[in-house]
Amino acid sequence: MNRNIRKWFYDHDFISTATGSIFNNPFWLEKDDVVIPFPARDSDEVNRCIATYYSHTLPTLGFYNLADGDEFTPIHLVGGIAVEVDQHYIRDYIKYILSFVPGGDMIIDVMTQRYDRFFSGRILNSLRLEFNRKPLKDKRNSAYRFYKNGVVEISTKDGCKLIPYSDIEGDSFVWANQIIDRDFNSNLVGEYDKDGFVSDLTDEPGNHFHKWCQNLCKERIEDGQWVYRPNRFKTLASGFGYLLHQRWNEYKCVIFIDEDLEEGKANGRTGKSVVLDDALSYALDSVTVEANGVKRDQNNKFLFHIVHPSTQYICLDDACYDFDFSALFSKITGPFPCEKKYGGIFQFSKYDKPKMGLSTNHPIIGDGPSYADRQHIVEVGGFYRFHKMELNKDPMSFHDGWLFDDDWSLVNWQEFDAFCVNALLFYLNEGLLGGRSSSNYQYKKLVNSVGSPGLVQTIQRFLEENAGKETYQKKVKGMEDHQVDRCLDEFVKDHLPNEDYSLNQLSTGLHHVASHFGYGINRGSTDKRKQKRFGPDKKGTDLYVISDPSHPFGNSTSSSDDKSDVDLEVLALFEDLDPVKKCEQQMKEMSESNSVLLPKPDRMAASD
């Protein structure tokens with residue numbers, strides 16, 4: 001908690017009122033207006049003092065156990081703002097407060113004599129429960145931003161307005177950790193204007209973070225010009241607004257990834273982290289987790305041990321090439337448990353957990369709806385890397401200095417806060433836009449899975465040349481020449497003579513490339529791994545029956561001459577899936593089974 005927000009709990013008027021109440025109902029012993037030491041440990045007088053301390057003194061000072069289901073969080077709550085506390089915080093605060101009470105030093109002395117009753121960890125379990133107060137939370141169509149000068153309320157209905165903390169709902173409070181140590185300038189946010197927000201500002205003065213985001217959405221065309229792509233910015237801005245919105249309307253992780261991925265390289269330096277890490281750390285109560293440790297078959301039990309109940313955002317920074325995205329599945333769509341390294345565990349509900357963003361220089365491993373439906377992908381261009389590496393031009397030259405640096409002016413910060421509010425309005429009004437993997441990203445992901453662009457192209461050619469034919473994983477004795485020509489390993493050796501791949505790599509690559517380009521492998525077969533044997537020794541190899549994307553069930557119009565090069569077993573495999581043939585076969589079977597059908601019922605007999 002920063003120093004300025006901490007002052008909230010040391011407000012002079014609050015302390016004056018609290019000390020007056022405590023002095024009128026003391027938890028210490030006095031004789032002739034002089035504080036006296038406590039008597040024996042279990043005397044009635046000591047027990048009365050302890051009871052007063054817990055039932056009156058601590059609640060008067062704003063200390064409670066916040067109840068959320070069956071979980072309790074010790075908090076300090078003053079004037080609608082709360083902070084999570086431990087016994088050390090309570091001890092120091094009590095000492096500060098008692099310094100305003102006559103004889104306070106002597107009271108502290110006698111409390112120290114019973115340290116275990118007043119200041120030890122047991123105090124946290126004895127705080128009075130608070131059931132009625134809940135954190136002020138975003139709703140489906142509205143959001144809140146917390147600043148020193150008040151709460152910014154954002155909604156699709158009323159736009160943006162600044163209200164004082166005293167006007168928030170009576171049963172709500174705000175976490176102190178979530179209050180931004182800046183004043184918000186509401187004059188910089190007008191009525192919601194989608195077109196104005198999306199329009200290119202990169203040649204205009206000011207609004208440097210807005211311009212940074214738009215530069216990430218530029219593409220370098222053939223003549224060397226960098227062209228702004230508004231649709232890319234919509235994907236980025238809606239993803240940024242989604243991360244700011246503290247409600248899980250969609251269950252997504254926002255992923256920033258380089259547009260120009262290269263197999264085997266982690267180029268980076270594009271400016272992703274400025275958005276996902278730096279900017280959001282100044283906009284939300286956030287933590288950064290090193291994502292390169294999230295790998296398959298690795299214990300991630302304490303990965304989120306630094307997350308606390310008021311955390312709003314988790315940045316998973318710099319995911320490695322074998323990052324296990326499936327480890328986040330339950331965190332994205334279900335409750336979010338956080339286990340501490342040195343004991344203790346708490347759990348966010350599926351609706352109130354922190355949002356998550358992920359930056360990576362590698363394609364995310366994993367395909368299918370379970371992956372795609374949990375990802376909002378933002379592809380970032382190489383504008384800043386190109387200018388830095390090729391032209392030796394630092395990002396600061398585009399923005400009159402470094403973003404979020406000590407030299408950033410008050411206006412810079414106010415414009416950044418205005419961008420956050422506009423991004424929230426954009427998301428609340430438009431939802432998440434784009435976010436699906438582009439054909440470029442899918443191809444780069446394919447290359448990463450297969451091993452190299454050359455192998456992808458070679459396998460693609462193998463599929464094209466052998467569509468509708470019986471092909472094989474490897475050459476074995478007993479094959480005829482035309483069969484050897486349809487062996488995957490021989491085909492790759494002929495076209496990539498200087499590269500060496502295992503049979504397992506080739507088989508896996510074949511299935512990846514076939515899936516990407518729409519070819520079928522052994523469609524209709526009940527065998528997951530078909531085999532065929534050759535020669536007197538019955539040497540076996542994997543059999544691949546390839547169907548062309550344009551004829552997934554084979555070409556039923558082919559003449560008998562056309563079928564000369566096609567294995568009859570292949571055609572039979574496809575014919576089994578032909579819907580017309582299946583219908584004709586079912587009609588034939590019904591006709592043949594008429595002899596065993598029950599006779600028609602005698603309606604007259606039934607009426608009797």
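Visitor: Starting with strand 9 and strand 10, how do they pair?
Guide: In this predicted model, strand 9, residues 150–155, pairs with strand 10 in the antiparallel sense, over five bridges.

Visitor: Which residue stands opposite Lys161?
Guide: Glu153 is opposite Lys161, and Lys161 is in strand 10.

Visitor: What sheet do these strands belong to?
Guide: They are part of an open sheet of three strands in the order 8-9-10, with antiparallel pairing. Strand 8 and strand 10, the latter covering 159–163, are the edge strands, and each pairs on one side only. From one strand to the next, the twist averages 20°.

Visitor: What holds strands together in a sheet, generally?
Guide: Strands of a sheet pair through backbone hydrogen bonds, and the pairing is either parallel or antiparallel.

Visitor: And what is the strand order in the sheet with parallel pairing?
Guide: That open sheet has five strands, ordered 15-16-19-14-20.

Visitor: Why is one side of strand 15 and of strand 20 left without a neighbour there?
Guide: Strand 15 (286–290) and strand 20 (375–380) stand at the edges with a single partner strand each, so one side of each has no neighbour in the sheet. On average, neighbouring strands of this sheet are turned by 20° against each other, direction ignored.

Visitor: How many bridges join strand 14 to strand 19?
Guide: Four bridges join them; strand 14 is residues 253–258, strand 19 is residues 355–360, and the two run parallel. Ile257 stands opposite Thr360, which is in strand 19.

Visitor: Which strands does helix 10 lie across?
Guide: Helix 10, residues 230–244, lies across strand 14, strand 16 (313–319), strand 19 and strand 20. Its direction is at about 130° to strand 20.

Visitor: Switching to empty space. How much is in the largest pocket?
Guide: The largest pocket holds about 920 Å³ of space. It is lined by 39 residues, and the closest to its centre are Asp68, Trp175, Pro309, Ser310 and Phe348.

Visitor: What kinds of residues are in that lining?
Guide: The lining of the largest pocket has 17 nonpolar, eleven polar and eleven charged residues.

Visitor: Which strand gives the most to it?
Guide: Strand 18 does, with four residues. Strands that each supply at least two residues of this lining include strand 3 (63–68), strand 4 (71–78) and strand 18 (345–348). Strand 7 (134–135) and strand 8 (142–147) also supply at least two residues each.

Visitor: What about closed spaces, how many cavities of 30 Å³ or more are there?
Guide: The count is one cavity of 30 Å³ or more. The largest cavity has a volume of about 30 Å³.

Visitor: Which residues line the largest cavity?
Guide: The lining is Asn207, His208, Phe209, His210, Trp408, Asn412, Glu415, Phe416 and Phe419. By type, that lining divides into four nonpolar, four polar and one charged.

Visitor: Which helix gives the most to the cavity lining?
Guide: Helix 16 gives the most, with four residues. Helix 9 (208–216) and helix 16 (410–430) each supply at least two residues of this lining.

Visitor: Another topic: where is Gly540?
Guide: Gly540 is in strand 24, residues 539–547. Gly540 and Gln473 are 67 residues apart in sequence, and their C-alpha atoms are 9.9 Å apart in space.

Visitor: What is Gly540 in contact with, leaving aside its neighbours within four places in sequence?
Guide: Gly540 is then in contact with Lys474, Val476, Gln531, Lys532 and Arg533.

Visitor: Last topic, confidence. What is the mean pLDDT?
Guide: The mean pLDDT of the protein is 85, and 86% of its residues reach 70 or more.

Visitor: Where does pLDDT stay under 50?
Guide: Residues 556–583 are one such stretch, and the model has 31 contacts for them beyond four places in sequence. Residues 591–608 also have pLDDT below 50, and that stretch has zero contacts in the model beyond near neighbours in sequence.

Key: Residues are numbered from 1 along each chain as its sequence is written. This is a predicted model: local features need pLDDT of at least 70, side-chain atom pairs count only at pLDDT 80 or more; totals for chains, interfaces and linings use all residues. Side-chain values use heavy atoms; hydrogens and water are left out. On a 1 Å grid over the protein atoms alone, a cavity is a set of points where a 1.4 Å probe fits but cannot get out, and a pocket is an open set with protein on both sides within 12 Å along at least five of seven lines; lining residues have an atom within 4 Å of a point. Grid points are joined across faces, edges and corners, and a volume is the space filled by probe spheres set on the points. Ala, Val, Leu, Ile, Met, Phe, Trp, Tyr, Cys and Pro count as nonpolar, Asp, Glu, Lys and Arg as charged, and the others, Gly among them, as polar. Two strands pair if DSSP finds at least two bridges between them. Axes are lines fitted to C-alpha atoms, for helices over the stretch in contact, and angles run from 0 to 180 degrees between N-to-C directions. Contact means heavy atoms within 4.5 Å. pLDDT is the predictor's confidence in each residue, from 0 to 100.
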